[in-house]
Amino acid sequence: MSGDEQRGLSRRAAWAGGDNFISRLMTEALARPDLVSLAAGFVDQQTLPAEATRQALDALWADPTRTRIALQYGTTIGHRSLREAILDRMLKADSLGPGGSGPTLDQIVVTAGSNQLLHLVADTLLNPGEIVLCAAPSYFVFLDTLANVGARTVGVEVDCNGIIPEALDEELARRKTAGELAAVKAIYVTTYYDNPSGTTTTTTRRQQLIEIARRWSHENTIYIIEDAAYRELRYYGDETPSLYALDGNLDNGEQVIHAGTFSKSFSPGIRVGWGILPKRLVGPVLAQKGNVDFGSPHFNQMLMATVLQRGSFDRHVTGLRESYRRKLDATLASAEKWLRPLGIDWVPATGGLYVWLRLPDAIDTGLGGSLFRRAVSEGVLYVPGECCYPKEGYPCPKNRLRLSFGVPSVEDIVRGMESLARAIGTLG
Ligand SMILES: Cc1ncc(COP(=O)(O)O)c(C=O)c1O
């Protein structure tokens with residue numbers, strides 16, 4: 001019996017792990033208010049939509065009937081007019097007409113942030129010991145969620161265009177040889193401006209990914225979990241069709257689970273996310289959600305629906321893109337000036353909130369390595385790359401780190417990048 005079981009805790013409590021490193025980073029940041037945090041993946045405090053939210057609240061409040069509906073419980077699947085607005089946006093973003101090969105309203109489930117959707121999907125699909133193939137690196141919170149349900153996470157190499165199809169194929173072949181193919185339930189990728197790698201999966205790669213998932217789905221369906229948390233934060237380049245849309249064109253949308261959110265594009269405090277699910281998963285995911293909360297906060301959903309109906313969301317996103325573009329530019333220009341001469345490289349992100357650095361091989365960016373301490377004493381925090389790798393598969397390199405440019409001002413970004421360069425320089 002494990003220590004946790006002896007203390008009367010469930011196995012899932014043990015799988016959830018103890019002290020997580022983000023809490024440690026936060027403690028560090030709070031203890032040193034002078035630190036520039038290039039670590040937290042929060043959105044910019046200054047651009048949060050206070051006025052647009054007040055106006056939407058006023059509009060909702062002005063109608064007593066709607067106000068009372070908002071103050072009542074809603075349905076498990078979510079508020080209808082919000083789901084309609086989400087569907088409409090999704091169809092437009094993917095250039096799909098209503099009634100065509102795109103998703104239908106009954107496939108749209110509203111959740112408390114996309115994190116809840118990801119959690120419900122993990123609960124719905126995975127038994128302990130089953131496998132999710134994850135981009136290496138991946139969004140570390142979801143890696144923890146998967147560990148929390150007892151799933152195994154196996155990393156697959158990525159490059160500047162997203163997950164590498166040949167590497168994915170080889171990993172699946174390895175699992176087949178090991179007699180584990182039936183245990184592979186899903187592939188997890190953040191397709192737009194990835195957290196942490198900053199990369200966007202190209203359309204060709206997306207098509208290859210779907211083809212591979214489908215080809216290996218002969219023992220059971222291998223779903224692709226498409227995390228699109230940063231889709232709206234596009235600063236350069238054209239819109240890319242979602243995996244979901246490409247899947248729909250090929251196979252009526254039965255392979256891809258799409259997770260979206262208004263957290264990054266509007267407000268994480270309102271915390272409304274959604275899933276677009278293959279039809280056969282809608283019932284099982286709703287059954288899980290029914291057990292958790294039988295519906296996300298109705299008030300927040302109606303508020304978000306009002307924001308969308310008033311056109312405030314699109315106006316906000318336009319301004320947000322301008323502001324984050326300046327921060328991304330400042331991060332990349334500083335990296336070019338101070339980090340490139342130190343032998344550091346990166347894939348320039350074209351959206352999102354992150355820049356992923358590759359340092360010289362000899363530098364260990366880990367929490368226990370010398371750079372982390374040096375960086376803190378120089379006044380800057382980053383997320384060590386080691387936190388972003390699945391437990392198995394592609395080996396965790398020691399020399400990567402994630403920078404987030406969402407929260408600090410342009411001036412602080414420049415100061416933080418100079419401090420980081422100084423810290424790295426002292427190791428040389
Ligand atoms: C890749 C990714 N997915 C999902 C989320 C969850 O966001 P939320 O639950 O607020 O929608 C985040 C948050 O940082 C993220 O970075």
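This is a guided tour of the protein chain, moving from the whole model to its two domains and then to single residues.

**The whole chain**

Begin with everything displayed, and keep in mind that the model is predicted. If you colour by secondary structure, you should find 16 helices and 15 strands along the protein chain. The radius of gyration of the chain is 22 Å, close to the 22 Å that the globule rule gives for 428 residues, so the chain is as compact as a globular protein of that length. Taken along the principal axes, the C-alpha atoms fill a box of roughly 65 × 55 × 50 Å.

**The two domains**

Next, select residues 3–48 together with 315–427, which the domain assignment gives as domain 1, and give a second colour to residues 53–310, which it gives as domain 2. The C-alpha centres of domain 1 and domain 2 lie 24 Å apart.

**Where the domains meet**

Now turn to the boundary between the two colours, where 36 residues of domain 1 are in contact with 44 residues of domain 2. The size of an interface is often given as the accessible area lost when the parts come together. Here the area buried between domain 1 and domain 2 is about 3,400 Å², and carbon and sulfur atoms give 59% of that area.

There are 19 residue pairs in polar contact between domain 1 and domain 2, counting pairs with both residues at pLDDT 80 or more. On the domain 1 side, the elements that each supply at least two residues touching domain 2 are α2 (11–15), α3 (21–31), α14 (312–339), β11 (354–358) and β14 (392–393). Select α14 in particular, since this helix gives the largest share of that side, with 9 residues. The residues of this side of domain 1 divide into 22 nonpolar, 6 polar and 8 charged.

**Charged pairs**

Side chains of opposite charge can pair when their charged atoms come close. Two salt bridges are counted between domain 1 and domain 2. To see a salt bridge up close, select R152 and E392, whose side chains meet with N and O at 2.8 Å.

Then move to helix α9 (residues 165–177) and select E171 and R174, which are 3 residues apart in this helix and therefore separated by about one helical turn. E171 forms a salt bridge with R174, the closest N and O atoms being 2.9 Å apart.

**Less usual backbone**

Most residues other than glycine have a negative phi, and most peptide bonds are trans. With that in mind, zoom in on A136 and P137, which are joined by a cis peptide bond with omega of about 15°. P137 lies in the loop between β3 (131–136) and α8 (140–148).

Follow the chain onward to the loop between β6 (184–190) and α10 (203–215), where P196 is found. The peptide bond from N195 to P196 is cis, with omega near 20°. The loop between β6 and α10 also holds Y193, and the phi of Y193 is near 45°, a positive value in a residue other than glycine.

**A last stop at N220**

Finally, select N220, in the loop between α10 and β7 (223–227). Which residues does N220 contact, leaving aside its neighbours within four places in sequence? They are L181, A182, V184 and K185. Although N220 and L181 are 39 residues apart along the chain, their C-alpha atoms are separated by 8.5 Å. If you show side chains here, you can see that of N220 reaching the backbone oxygen of V184 at 3.2 Å.

Methods. Residues are numbered from 1 along each chain as its sequence is written. This is a predicted model: local features need pLDDT of at least 70, side-chain atom pairs count only at pLDDT 80 or more; totals for chains, interfaces and linings use all residues. Side-chain values use heavy atoms; hydrogens and water are left out. Domain bounds come from an automatic or database domain assignment. Contact means heavy atoms within 4.5 Å. Buried area is the accessible area (1.4 Å probe) that two parts lose on being put together, summed over both. A salt bridge is a side-chain nitrogen of Lys or Arg within 4 Å of a carboxyl oxygen of Asp or Glu. A polar contact is a pair of N or O atoms within 3.5 Å; within protein, one must be able to donate a hydrogen and the other to accept it, and residues adjacent in sequence count only if both atoms are side-chain atoms. Helices (H or I, at least four residues) and strands (E, at least two) are DSSP runs, numbered from the N terminus. Ala, Val, Leu, Ile, Met, Phe, Trp, Tyr, Cys and Pro count as nonpolar, Asp, Glu, Lys and Arg as charged, and the others, Gly among them, as polar. The radius of gyration is taken over C-alpha atoms; the globule rule is 2.2 Å times the number of residues to the power 0.38.
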